[in-house]
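Visitor: Could you take me closely through one part of this model, and then show how that part fits with what surrounds it?

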Amino acid sequence: MPDEEGQSIEGQSIEEQKVELFERTPIPNAVMKMAVPTVLSSLVMVIYNLADTYFVGMLNDPVENAAVTLAAPVLLAFNAVNNLFGVGGSSLMSRYLGKKEYAAVRKSSAISFYCALGCSVLFSLMAGIFYIQLLEIPDRPGYYSVVAIREND
């Protein structure tokens, strides 16, 4: 935990710790340190979907269970859009780190974050506006949209 001066408990600044991780830590250790949070976040998403399906399934209504099933691919698409900026941004940041251009690393990190945020908002708006068309993609045109409209009334 850093103190007021940006120093960590080990006596290294946060900046020095980042340089240590990306420049001097063995690659397998650095990958594990960076990959574990990503894997855990994906695991939490899967557990959430399983719990959601389980509890909605207890209602014994196929319409509600179908809604959960139809929402899962939309959630995965939303996640894929955000991962696009995460993977691309991290590739750009690693190139800048190799050149020791730390200001460019910060800028590319911020740009990746704000682009992911902006695309998330845009994706959410588009999904909210065109939800009927999204519901018709998987199967019979008209069936799911009628169910969704009926449930919203």
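Guide: Let us begin with helix 4, whose buried residues are A104, V105, S108, S112, A116, S120 and A127, where buried means under 20% relative accessible area, exposed means over 50%, and partly exposed lies in between, with a 1.4 Å probe and protein chains only. An α-helix has 3.6 residues a turn, so residues three or four places apart point the same way. The model is a predicted one, in which local features need pLDDT of at least 70 and side-chain atom pairs count only at pLDDT 80 or more, while totals for chains, interfaces and linings use all residues. Residues are numbered from 1 along each chain as its sequence is written, and side-chain values use heavy atoms, with hydrogens and water left out.

Helix 4 has 28 residues and reaches 41 Å from its first C-alpha to its last, close to the 40 Å expected at 1.5 Å a residue; the expected span is 1.5 Å times one less than the number of residues. Helices here are DSSP runs of H or I with at least four residues, strands are runs of E with at least two, and both are numbered from the N terminus. The chain contains 6 helices and 0 strands, and buried residues make up 15% of its 153 residues.

Just ahead of helix 4 (102-129), the loop that joins helix 3 to it holds K100, a residue with a positive phi of about 60° although it is not a glycine. A positive phi, of about 55°, is also found at N60, again not a glycine, and this residue sits in the loop between helix 2 (27-57) and helix 3 (62-98). N60 is exposed, with a relative accessible area of 69%.

Helix 4 also takes part in the largest pocket, since helix 1 (14-24), helix 2, helix 3 and helix 4 each supply at least two residues of its lining. That pocket has a volume of about 790 Å³, and of the 23 residues that line it, the closest to its centre are F22, M34, S90, M93 and L97. A pocket is an open set of points on a 1 Å grid over the protein atoms alone, where a 1.4 Å probe fits, with protein on both sides within 12 Å along at least five of seven lines, and lining residues have an atom within 4 Å of a point. The volume is the space filled by probe spheres set on the points, which are joined across faces, edges and corners.
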